Amino acid sequence: LEVGIHAQLTEQIERMGDAFGTLKYRLEEEKENTKRLVTDISHQLKTPIAALELSYELLGDEEMTEEEKQEFFKRSRREVQKLGSLLGALTNLSRMEADMIQIKPENCSLKETLIRAVNGAYFKAAEKKIEIEMSPFRDMEFVHDSRWTAEAVSNILDNAAKYSTEGSRIENRVEPQIAYVSSE
């Protein structure tokens with residue numbers, strides 16, 4: 001009897017050791033991914049800053065026409081928006097690292113989450129006269145963090161608007177799959 005209990009305890013301790021090893025590996029991997037993300041965002045910050053420096057330098061050119069100045073003002077505005085977006089991502093990343101942002105999964109409506117996401121991207125799309133369309137689908141509830149899922153989808157829609165031509169259309173379709181839900 002004592003040998004059996006000892007064997008069971010040994011087996012459970014080994015499983016716990018394996019679980020801790022896996023957890024340690026995942027934490028180290030997450031730390032490396034975070035470092036890469038911070039490095040990437042830092043690098044991406046350099047591009048709009050350099051573009052703004054060049055724009056302001058060129059705006060000081062007295063031979064520049066009013067039309068050219070207006071074009072550089074528009075470009076500068078876009079670069080400032082990029083900076084704001086990158087700083088927002090960096091702030092969210094920092095908050096996640098400090099455990100200020102916590103994912104709170106709950107049973108929520110997918111339709112409500114996607115409507116929240118579309119509303120978050122609406123104004124950026126409207127500036128370029130881009131229509132965001134959500135194809136009709138049967139609503140479903142499943143466990144997810146509505147706020148951060150909407151934020152992620154909104155970021156995708158923002159990028160779609162940013163890289164789409166003026167007057168185009170972004171279509172968001174939901175297709176239930178056997179093991180997951182896909183949003184395109």
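**Exercise 1.** Establish the exposure class of Glu11 from its relative accessible area, and then identify its salt-bridge partner.

*Solution.* Step 1: Glu11 has a relative accessible area of 42% and is therefore partly exposed (buried is under 20%, exposed over 50%, partly exposed in between; 1.4 Å probe, protein chains only). The model is predicted: local features require pLDDT of at least 70 and side-chain atom pairs pLDDT 80 or more, while totals for chains, interfaces and linings use all residues. Residues are numbered from 1 along each chain as its sequence is written, and side-chain values use heavy atoms, without hydrogens and water.

Step 2: The partner is Arg15, whose closest N and O atoms with Glu11 are 2.8 Å apart. A salt bridge here is a side-chain nitrogen of Lys or Arg within 4 Å of a carboxyl oxygen of Asp or Glu.

Step 3: Both residues belong to helix H1 (residues 2-59) and are separated by 4 residues, about one turn of the helix. Helices (H or I, at least four residues) and strands (E, at least two) are DSSP runs, numbered from the N terminus.

**Exercise 2.** State how many salt bridges the rule yields, and trace the network that includes Arg169 and Glu133.

*Solution.* Step 1: The count is 8 salt bridges.

Step 2: Arg169 and Glu133 form one of them, with an N to O distance of 3.3 Å. This pair connects distant parts of the chain, since Arg169 lies in strand S4 (residues 169-172) and Glu133 in strand S2 (residues 131-134), 36 residues apart. Arg169 is partly exposed at 46% relative accessibility, and Glu133 is likewise partly exposed at 28%.

Step 3: Arg173 and Glu171 form a salt bridge at 3.8 Å, N to O. Arg173 has a relative accessible area of 33%, and Glu171 has one of 32%; each counts as partly exposed.

Step 4: Salt bridges link Glu133, Arg169, Glu171, Arg173 and Glu175 in a network.

**Exercise 3.** Describe how S2 and S4 are paired, and assign the residues of S4 to its two faces.

*Solution.* Step 1: S2 and S4 run parallel and are joined by 4 bridges (strands pair if DSSP finds at least two bridges between them). Within this pairing, Glu133 stands opposite Glu171 of S4.

Step 2: Ile170 and Asn172 make up the covered face of S4, whereas Arg169 and Glu171 make up the uncovered one.

**Exercise 4.** Decide whether Ser76 is buried or exposed, and name the residues that it touches.

*Solution.* Step 1: Ser76 is located in helix H2 (residues 66-97). With 4% relative accessibility, Ser76 is buried.

Step 2: When residues up to four places away in sequence are not counted, Ser76 touches Leu52 and Ser55. A contact means heavy atoms within 4.5 Å.

**Exercise 5.** Characterise the overall architecture of the protein chain, beginning with its helices and strands.

*Solution.* Step 1: The protein chain contains 4 helices and 6 strands, in the order α-α-β-α-β-β-α-β-β-β from the N terminus.

Step 2: Its radius of gyration is 24 Å, well over the 16 Å of the globule rule for 184 residues, so the protein chain is more spread out than a compact globule. This radius is taken over C-alpha atoms, and the globule rule is 2.2 Å times the number of residues to the power 0.38.

Step 3: Along the principal axes, the C-alpha atoms fill a box of roughly 95 × 40 × 25 Å. Of the 184 residues, 23% are buried.

Step 4: Among contacts with a separation of 6 or more, 77% are between residues 24 or more positions apart.
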